[in-house]
Amino acid sequence: MTAPSPLWSTLTQPLIRQNPVTLQILGICSALAVTTQLPTALTMAGSLTIVLALSAGIISLIRRHIPDAIRLIVQIVIVASLVIVIDQLLQAYLFEISQSLSVFVSLITTNCLVLGRTESFARHNPPLPSMIDALGNGLGYSLVLIAIGAVRELFGAGTLLGYQVLPLAEQGGWFTPLALMMLAPSAFFLLGGLVWAIRTVRPEQAEPPEFAAPQIPEGME
Amino acid sequence: MADLNPFSAWRRLLALPNESRTKTVVMAFLVSAFCAVLVSGATVILRPIQAANRAAEQQARIEALVAGVPGMTQLMAETGGTLSTVVVDLTKARAATEVTPETLEAALADMANWTALSAGEDLAGLGSRPDYAQIFLLRNGEEISLMLLPISGAGYNGRIDAILALTGDMHTIAGLAITGQSETPGLGARIEEPAWLASFSGVKTRDARGDLRFAVAKGQAGTEYEVDGITGATRTSSAMTRIIRFWLGPQGYGPLIEAVRRGEF
């Protein structure tokens with residue numbers, strides 16, 4: 001068996017081992033907000049992946065000529081422009097979904113994930129590895145979004161992608177939707193559970209405690 | 001003599017150290033120009049498709065609004081009627097003579113057809129109000145049985161667009177549909193929820209003396225002039241009150257509504 005090529009591992013590392021959401025806890029604001037249904041989660045995941053890959057590509061192309069003093073603003077301007085273009089495309093061709101995503105597509109600009117990858121990876125690497133790294137991270141983010149979106153839609157409405165999977169009690173079936181799944185806190189619970197599960201399987205991801213509990217000296221009350 | 005060849009000038013620029021002031025300024029300019037072209041290109045090319053989407057959306061909401069008014073589907077079927085579209089002149093409180101639905105957009109592009117509102121009048125936070133508006137009427141014989149009025153104003157996060165339906169007596173709300181809003185998801189955006197919109201049906205706007213009494217209540221509705229407020233969205237709720245009161249008031253459709261009540265329309 002040959003060793004996996006570095007590009008392949010750049011692509012697959014962020015899926016679980018270095019997953020930006022569950023390991024670095026980046027970009028969870030949108031991960032919580034858009035996962036009530038699978039279609040919105042898929043659209044958001046797709047939009048973020050495209051923005052991430054394109055911005056990494058563009059920034060990597062001009063990486064040798066970005067003056068240090070203005071590098072952050074240059075990156076944000078590029079990311080923001082791509083986000084606006086994607087938002088306009090969604091409003092033109094996926095109007096219904098863009099209505100339910102409301103402001104969260106525009107907020108991709110401020111998603112730490114995008115700036116994190118362009119700043120830490122694309123600025124130091126050639127376009128191809130940068131785009132593959134961005135694609136991997138986008139897919140890692142998508143994986144989490146799709147997982148949470150699927151669970152929330154399945155248990156919150158009994159559907160998947162709009163198709164009735166669990167027969168609803170009010171229509172003569174046996175399933176009573178969990179209203180909690182439609183509310184933002186459930187995404188927190190699911191994400192927390194996911195992080196816990198991954199860190200149990202891969203204990204190397206657990207962070208060392210930042211503070212030791214203070215020792216209370218004997219005899220003091 | 002300065003070298004004017006653009007290629008060598010470009011090469012010299014790229015060769016400059018990244019920290020040089022010239023290169024910083026030129027890079028900033030180039031990136032901005034590139035992004036500006038990208039963004040404006042996308043906006044301009046896609047605008048017709050988006051406008052068509054929004055128009056279709058508005059049409060669907062109007063149909064849903066009419067269908068949601070009790071007895072309206074039956075009435076529509078009886079009269080065989082469809083909604084008629086009329087452009088009204090808000091200043092003169094009658095149908096506009098020179099402006100048709102087709103030329104409305106062009107007319108509103110001319111700022112001469114807008115009336116600036118003073119701070120005291122401007123309840124809805126509009127700044128200025130168009131003199132022409134496109135409304136929809138459903139007639140039963142000669143009588144108007146339903147009037148749909150597009151309204152808009154400043155919400156908490158941005159503009160709220162809606163369509164208000166009044167029954168034939170013009171002092172009772174038949175329904176409300178939100179056609180555009182950018183309020184906080186989960187809080188103010190709940191103005192789009194069908195349950196809340198349904199609570200508008202049958203609410204009176206004016207009392208017997210003709211005073212404008214409509215309000216979104218702070219909490220539960222107490223009178224027949226109120227609808228329940230939305231918990232956690234005080235600013236959006238009060239914006240809805242102000243928007244509806246403005247458009248029913250003297251600067252909005254108030255004169256038109258009185259003209260319809262007098263049977264002059």
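I will talk about chain B of this predicted model, and mainly about one of its sheets.

To set the scene, chain B has 265 residues, of which 26% count as buried, and its secondary structure comes to 7 helices and 10 strands. If we take the contacts in chain B between residues at least 6 apart in sequence, 54% of them join residues at least 24 apart.

Now to the sheet, which is open and is built from 6 strands of chain B in the order β2-β1-β5-β6-β7-β8, with antiparallel pairing. At its edges stand β2, residues 94-95, and β8, residues 173-180, and because each has a single partner strand, one side of each is left without a neighbour in the sheet.

Let me walk through part of that order, starting with β5(B), residues 132-140, which is joined to β6(B) by 5 bridges and runs antiparallel to it. Asn140(B) has Glu143(B) as its bridge partner in β6(B), and the two strands make a hairpin with 2 residues between them, where Gly141(B), in the turn, has a positive phi of about 70°.

From β6(B) we go on to β7(B), again antiparallel, this time over 9 bridges, with Met147(B) finding its bridge partner, Leu166(B), in β7(B); this pair also forms a hairpin, with 4 residues between the strands.

The last step takes us from β7(B), residues 159-167, to β8(B), where 6 bridges make an antiparallel pairing and Ala165(B) is partnered by Gly175(B). Finally, helix α6 of chain B, residues 234-248, packs on the sheet and touches both β6 and β7, its direction making about 130° with that of β6(B).

Methods
Residues numbered from 1 in each chain as written. Chains lettered and ligands numbered in written order. Predicted model: local features only at pLDDT ≥ 70, side-chain atom pairs only at ≥ 80, totals over all residues. Buried ≥ 20, exposed ≤ 12 C-beta atoms within 10 Å, placed from the backbone. Contact = placed C-beta atoms within 7 Å. Pairing = 2+ DSSP bridges. Axes fitted to C-alpha atoms, helices over the stretch in contact; angles between N-to-C directions.
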